[in-house]
There are 2 protein chains.
Amino acid sequence: MTKDPEDNDAPPNQPERFQQARAAQAMAILEDYAEMISDLIEEMGEARITDIASRMGVTHPTATKAVARLKREGLAVSRPYRGVFLTDEGADLAERVRARHRTVVDLLVAVGVPPETAEMDAEGLEHHVSETTLKAFERYLDAAAAK
Amino acid sequence: MTKDPEDNDAPPNQPERFQQARAAQAMAILEDYAEMISDLIEEMGEARITDIASRMGVTHPTATKAVARLKREGLAVSRPYRGVFLTDEGADLAERVRARHRTVVDLLVAVGVPPETAEMDAEGLEHHVSETTLKAFERYLDAAAAK
DNA sequence: ACAAGAATGTAGCCAAGGCTTTAAAAATAC
DNA sequence: GTATTTTTAAAGCCTTGGCTACATTCTTGT
C-alpha cells in the first residue's frame, strides 16, 4: 500500500466531472417535463396536469410542482384549472431534447442494443450526453448510413 | 388538434421508463461513492472522509452523510475517526461499476467521441446503462477489435 | 339548475443530497 | 507533554422531488 501523499494519480478534474454530472441531473427533470408537455400538446391539443402526471408515472401534486418549476424557469405558462403551455424557450428546449433522444436511441440501436432496451435506457442516458458527444453520434450515424 | 380521448398513441410503458430512470438515479450516488472509496483504498491504502469529499467535489459533511448511507445499505463499514472500508458486497458493486465505466468510455471512443469528453460524459451516463445495453457494448467492442 | 364526479390546487410530510457553522477528537510539531 | 493544526463529527438549513390527505373548482349528466 502506498500511503505516500506524493503519489496522487487521480485526475485533477475529477471533482468537476462529478459536479457536472450533478448539474446535468438537475436539468434532467425539467427536460423530461418540457418534452412531455410538448408531446401532449401535439397529440391532444393541450397538456393537462392529470395526463402529464400519469405519463410521467407520478401523482398530480408532483406534476404540479414540476410545472411550477418550469414556470419559474420561464419555460412554461399556465393559469389555474387550465392546461399547461410552453413558452418559446420551453418549446425550443423540448425540440432539442426530442432530437437528442432520437439520436441516442438510434446510436444505441446502431451498435446492437435491442430497440425496446434502447428506448428504456435512452430515457436516463440522454440527459448526460454533451453537445460534443451528440455531434459524434450524428457523425457516426451518418457514416453508417452512407456505408 | 386531436382532442379525441380515443387517440392515445403513447406507449403504455412510458411511466415505467421514467420510474426506472428515477430508480437508476437513486443508485447512482451510492455507486459513485463506492467506486471512489475503492479507488482510494487501492491508491492510498485507505479511504479518508477528507479525500472522498475532495475527489467527489463536495464538502466533508456531505461525504460523511453519503458514507452513512452506504453503511446503512450494508455496502461500507467505518468506525469514528478511522477510514472507510467496503464490505464484500460494496467491493463487488465498486468492481462492477468500474468495469461498466471502462466499457462505456471505450464504446464512446469507439464511435468517435474524444477521450476527454468520453470520460466526462461517462460519469453521468454509466448509471443508466442496463445489463442488456452493456452486453451489446461489449459485443460491439469485441467485433471492432477483431476487425 | 344542480348534484355528482373529475380535475386541479394547497398543505404538510419525508428522504436525499447539497451547504455552513460549531464542536470534538486525533495527529503532529515543538 | 502540551499546544496547534488537521480531520472528523454533529447540528441545522435549503431545495428537489416524491408522497397523502384535504379543499376547491370545473364539467357533466339528468
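Helices (H or I, at least four residues) and strands (E, at least two) are DSSP runs, numbered from the N terminus. This is a predicted model, where local features need pLDDT of at least 70, side-chain atom pairs count only at pLDDT 80 or more, and totals for chains, interfaces and linings use all residues. Residues are numbered from 1 along each chain as its sequence is written, chains are lettered from A and ligands numbered from 1 in the order in which they are written, and side-chain values use heavy atoms, leaving out hydrogens and water.

**Exercise 1.** Work out which helices help form the surface near DNA strand C.

*Solution.*
- Start with the neighbours: 21 residues surround DNA strand C, where "near" takes a heavy atom within 4 Å.
- Next, look at chain A: helix H2 (49-56) and H3 each supply at least two residues of that surface.
- Then turn to chain B, where helix H1 (14-44) and H3 each do so too.
- Finally, H3(B) gives the most, with five residues.

**Exercise 2.** Find which part of DNA strand C the side chain of B:Lys65 meets, and do likewise for B:Tyr81.

*Solution.*
- Use polar contacts here (N or O atom pairs within 3.5 Å; within protein, one must be able to donate a hydrogen and the other to accept it, and residues adjacent in sequence count only if both atoms are side-chain atoms).
- B:Lys65 puts a polar side-chain atom 2.7 Å from a base oxygen.
- For B:Tyr81, the partner is a sugar or linking oxygen, 3.2 Å away.

**Exercise 3.** Now try DNA strand D: which atoms do A:Thr59 and A:Arg69 approach?

*Solution.*
- A:Thr59 has a polar side-chain atom 2.8 Å from a phosphate oxygen.
- A:Arg69 has one 2.4 Å from a phosphate oxygen.
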